[in-house]
Amino acid sequence: MSTSTAAMADADTTRAEASDAELTELRTAVRDFLASKADEAAVRAAVDSERGYDDKVWAQIAAELGLPALALPTAYGGDGYGVVELSVVIGEMGRVLLPSPFFSTVVLAATAIVASGDAGAAERLLPGIAAGTTTATLTVPDRAGSWEPAAGTLGIHATGSGAEAVLEGSAPLVVEGGTAHVVLVVADGPGGPTLYEVDATATGFARTTLRTLDLTRRVARIDFSAAPARLVGEPGAAASVVARVLDVATTALAAEQVGGARACLQMATAYAKERMQFGRPIGSFQAVKHKCADMLARVQVADAAATEAARAVDGVPGSPDPGVAAAVAHAVCSEAFMAVAAENIQVHGGIGFTWEHPAHLYYRRAKASQLLFGGPAVYYERLLRRAGV
Amino acid sequence: MPSEPDGSGMDQFVAEARAFLDEHATRRAHTSDEVAWGEGEDRITYFSTDPPEVEAAKVAAAKAWQKVRYDNGFGWITGPPEFGGRGLSTLHDLVYDGLEAEYDVPDTGVLSLIGLGMIGPTILAHGTEGLKRHYLPAMYAGDVIACQLFSEPGAGSDLAGLATRAVRDGDGWLLNGQKVWTSVAHHAAIGLALCRTDPDKPKHKGITAFLVDMSAPGVDVRPLRQMSGGAEFNEVFLTDVHVPDDHRLGPVDGGWGVALTTLMNERASVGGEGAGAAGRAVALPFLTELLRANGRLDDAAARRRLAELYADQAATEYLNHQALRRFRAGEQPGPEASVSKIMYGQNLTRGAHFAAEIVGPRLIADTGEWGTFSWTELLLATPALRILGGTEEIMKNILAERVLGLPKEPSIDTKSPFRELRRSGRAEA
C-alpha cells in the first residue's frame, strides 16, 4: 500500500454470520416490507416517475430496515454481514422487481470501494452509503462490455498523477447512473486501468438517462469532459478490484434472478390452477403441468447455485472455489430466469402478452440482467477460464 | 467429509470408521479429478457388460466386503441393533460413504441398490417380527441378495395396474404372472413381489405384497437383453409359485402402502452424486482432455457447449450439497429430490452426446483408437436414465402435483374395479 491509500481496517476477518433462523427472519422482514411498499402498482408508479424509483421507499429501506448497511464493514457504519445475507435481501427485491439504487450503490460501488483497500475512500463514502444518504454506482466502460478491464480497452482516459486526475471520455451504460450522487469509474490511467471517484455535481460531468429494455432498472450514459476525479486505491490496480466486484455482483445478481424466477413460477402456477379451459383447470393438462415442473426444476437448481455461490464468495468452509461458483451461478441463474420468464408468459397465454400483466416486466428484467455483465458468450467463457480450461 | 462436533459423537464415529477402513482396505492412489488420458482400460461403462464368470466373481467380492463391513459395525449403520444394525443416523451413513469413497473397495451395488437400499427398509417397516429376524441380519451381512418384483409388461408407470395374481392356497398363496426389468434377480435369494389379490376392488386396493423365495419351484428368471447389448435386467416368470402366508408383508389387499415405502426409498437413492466411470467421463476434467486430444480446446462452439454442460453439472452438485445441508439440519428429503434425478439423467445424456460430437465419425465404427468408440457404451445406456426409477414424465407429475399443488388429471380408473379397466395386451371387454 502506498501512503496515498492507507490500508483499510480488515473487515473480512470479522465477518458476521446469520444463523438459518436469522436469515429466515431477515427474509420475512424484507418480504413483508416490500409487500406493503412495493406492490405492482407501486412498482409501476416508480417506473413512471422521474428518477425511476420511489425515494421515500429507499429512505425507509435505509432508515427503518438498515439494509444498505447490512453487508458493509463495521468500521464504516455497516453491520459486517456478507453476501449470504445480502443475497437474501436482493432475492426479495428481485421477487417484486423493486426499482431502487440498492444494487448499484451497495453491490457495485460499495464492493469496489472495499475491494480497493482505500481507507480514505471508505471513510468518505461508506458511512453515507450505509445510511442510505449517498447513492453511488460503478462503471467499467470496456468496449466488449464484459467487465474485464485491460489497458487500451476502456472508453475513458485519465490524466494527472497522484490523488487528483481529470477524466475524458464516455461510459455508455451506467446502472442507475442518472441519479447516483457518486460515480466510480474504471478509466485508462497512466499505470493501466485505474479506479476513480467522480462527484455527480462535478464540472464536465454530463449524464443522459436512456430508454431501457428493463423498465425497473434505470441506465444512463455519462460523458466526462475534463471532469475532475479522485484516485481510489492504487494506480493501475482496477482489474483486481473489478474481479472481486464481478464475483460479488454476479452472485448477488444470481440471487435477484432467482427471486424473479420464483415470482414467475408462482404466477404461472397460480394461474394454471385457476384458469379453466375445456372444463378443467389448465394446470391439470400434462402439457401445462410439465412446463410448470420444468420451471420448478430450473428454479431449484438456480437457487442452489446462487446459494452455494454466496457461501463460496463469503469463504464459508467447505464451499467451492468462489470464482467458479460465482461464474456457475451467473450462467445458471441468468439462463433459468430467462427461460422461466418466457414460459410464464406462455402459461398465461394471451393475457400474459398484455401491457397490463406484469409478466413482461419480469421478461424484460430477465433479459437485461442476463446481458448486464457481458451476456452468455462472456459468462460461459469466463466460467471455463475460472475452472482452468 | 466434515466432522464438526454436533453432539452425535460424530468425531468418534469418523475416527472409528477411518481405523476400520485403514485396516481392511487400501486408499485410492489418485483422486478422481486426475485424468490420465489414453491410459488404462478404454471403457465408459454405465451398465455392466461383464462375462458371467467375471460378474460372478464381482458378486462374490461384493458379498465378502459387505460381510467385513457388517462384522465391524458398518454393514447397516442406520438399522436397529436388534436386527444387526448400528442404530445411528442417516448422517452417519452419509459420512461413512464419504470416507469409504476414498478407498479401493469392491462395488456392493448388487446388494445395496435394491436389497439393502429399498427392500430392507420395506421389510423393516411392514414385516412381521419373524420375517425381520430371519431376513434382515442375513441381508445386511451380505448373505442374501434381494430383488424387487414390481414392474410388469402391462404395468410400468402405472404400477398399480399390475396383473400378477395371488390366490389363497391352503396355508399360503399361489402366485402366477410375469415381472420385468428386475435388476439382480439372477443373483437374488428373495424377491419382493406385488400381486393382485382382489380384482374386484379398485386397482390400488386389491394388491398384496409377498416375499418370494427365488429358488422356489415355478420361479423362472430369464435375462432381458437391453438396447445397449448387455443383460443387466431380467424377466421373472411366476408359475404356481407357493408362498407361505407368513411371508406376506402388510395386510391382505394392503400392498400399495408397502410399495410406497419401497418407492420412497428408491427415489431417495437414485439421483445422487454422478460417481462411477460414466460420471467421471462426463465431468469437466475428462471432457477437457477429450477436447485437447482432439485439437478442439480452442474451438469456440465446443467450448460453449462444454461450459453450458459444466454449469448445469456444477449447479446440480450444489443442489445435492444443499439437500445434504438441509438433511443435516434435520429436514426430510421431499419430492424435490426428483429435480436431482431429472438433472442427473439429463447431464449424463448431454455429456455422452457432446463427446460423440467431438469424436465424430470415429464413433461409427471401432477404429481401435483410445477414447473414441468406447463412448458408444454410455451413449447407448443414457436413454434408460429418463425411464428407470420413474420416467421423466412421472417425475414431472410428482413435482407439479406434490410440490406446486397443480390438480391431478381427472382419473377414470381409480374407482372402478380392477377387472373392468382397459389394459394393454388384453382384449377389450
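Q: What makes residues such as B:Ile44 and B:Leu363 count as contacts of B:Trp375?
A: In this predicted model, contact requires heavy atoms within 4.5 Å, and, with neighbours within four places in sequence left aside, B:Trp375 is in contact with B:Ile44, B:Ala281, B:Val282, B:Phe286, B:Leu287, B:Leu290, B:Ala355, B:Val359 and B:Leu363.

Q: Which residues have the most contacts inside the largest nonpolar core, and which helix gives the most to this core?
A: The largest nonpolar core has 156 residues, and those with the most contacts inside it are A:Phe102, A:Phe103, A:Leu108, A:Leu138, A:Leu195, A:Val328 and B:Trp375. Helix α7 (residues 238–274) of chain A gives the most to this core, with 19 residues. A second, separate core of 55 residues includes B:Trp76, B:Ala138, B:Leu162 and B:Ala166.

Q: Why is the aromatic pair of B:Phe13 and B:Phe74 called tilted?
A: The centres of B:Phe13 and B:Phe74 are 5.9 Å apart and their planes make an angle of 55°; pairing requires centres within 6.5 Å, and stacked would need planes under 30 degrees apart and edge-to-face over 60, so the remaining term, tilted, applies. B:Phe13 belongs to helix α1 (residues 10–24) of chain B and B:Phe74 to the loop between α2 (52–71) and α3 (90–100) of chain B, so the pair ties together parts that are 61 residues apart in sequence. Among the 17 aromatic pairs that the structure holds over all chains, ring pairs link B:Phe13, B:Phe20, B:Trp65, B:Phe74 and B:Tyr96 into a cluster.

Q: How do you know whether B:Phe13 and B:Phe74 are buried or exposed?
A: Buried means under 20% relative accessible area; B:Phe13 stands at 4% and therefore counts as buried, and B:Phe74, with a relative accessible area of 3%, is buried as well.

Q: What makes B:Arg196 and B:Arg222 count as charges over rings?
A: The distance limit is 6 Å from the ring centre, alongside a limit of 35 degrees from the ring normal. B:Arg196 lies over the face of B:Phe418 at 3.6 Å from the ring centre, and the charged end of B:Arg222 sits over the ring of B:Phe237, 4.0 Å from its centre.

Q: How do you know that the span of helix α4 of chain B agrees with its number of residues?
A: Helix α4 (residues 109–126) of chain B has 18 residues and, at 1.5 Å a residue, should span 26 Å, which agrees with the 24 Å between its end C-alpha atoms. There is nevertheless a kink of about 40° in α4(B), centred on B:Leu116, and B:Leu116 is one of the buried residues of this helix, which also include B:Gly115 and B:Ile119.

Q: Why is A:Asp321 called partly exposed, and why does A:Pro99 count as buried?
A: Partly exposed lies between the 20% and 50% limits, and A:Asp321, with a relative accessible area of 45%, is therefore partly exposed; A:Asp321 lies in the loop between α8 (286–313) and α9 (322–348) of chain A. A:Pro99 is at 6% relative accessibility and so counts as buried, lying in the loop between α4 (83–96) and α5 (102–116) of chain A, where its contacts, not counting neighbours within four places in sequence, include A:Val43, A:Tyr53 and A:Thr216.

How values were computed. Residues are numbered from 1 along each chain as its sequence is written. Chains are lettered from A and ligands numbered from 1 in the order in which they are written. This is a predicted model: local features need pLDDT of at least 70, side-chain atom pairs count only at pLDDT 80 or more; totals for chains, interfaces and linings use all residues. Side-chain values use heavy atoms; hydrogens and water are left out. Rings of Phe, Tyr and Trp (its six-membered ring) pair if their centres lie within 6.5 Å; planes under 30 degrees apart count as stacked, over 60 as edge-to-face and the rest as tilted. Helices (H or I, at least four residues) and strands (E, at least two) are DSSP runs, numbered from the N terminus. Buried means under 20% relative accessible area, exposed over 50%, partly exposed in between (1.4 Å probe, protein chains only). A nonpolar core is a set of buried Ala, Val, Leu, Ile, Met, Phe, Trp, Tyr and Cys residues joined through side-chain atoms within 4.5 Å. The expected span of a helix is 1.5 Å times one less than its number of residues. The bend at a residue is the angle between axes fitted to the seven residues ending there and the seven starting there.
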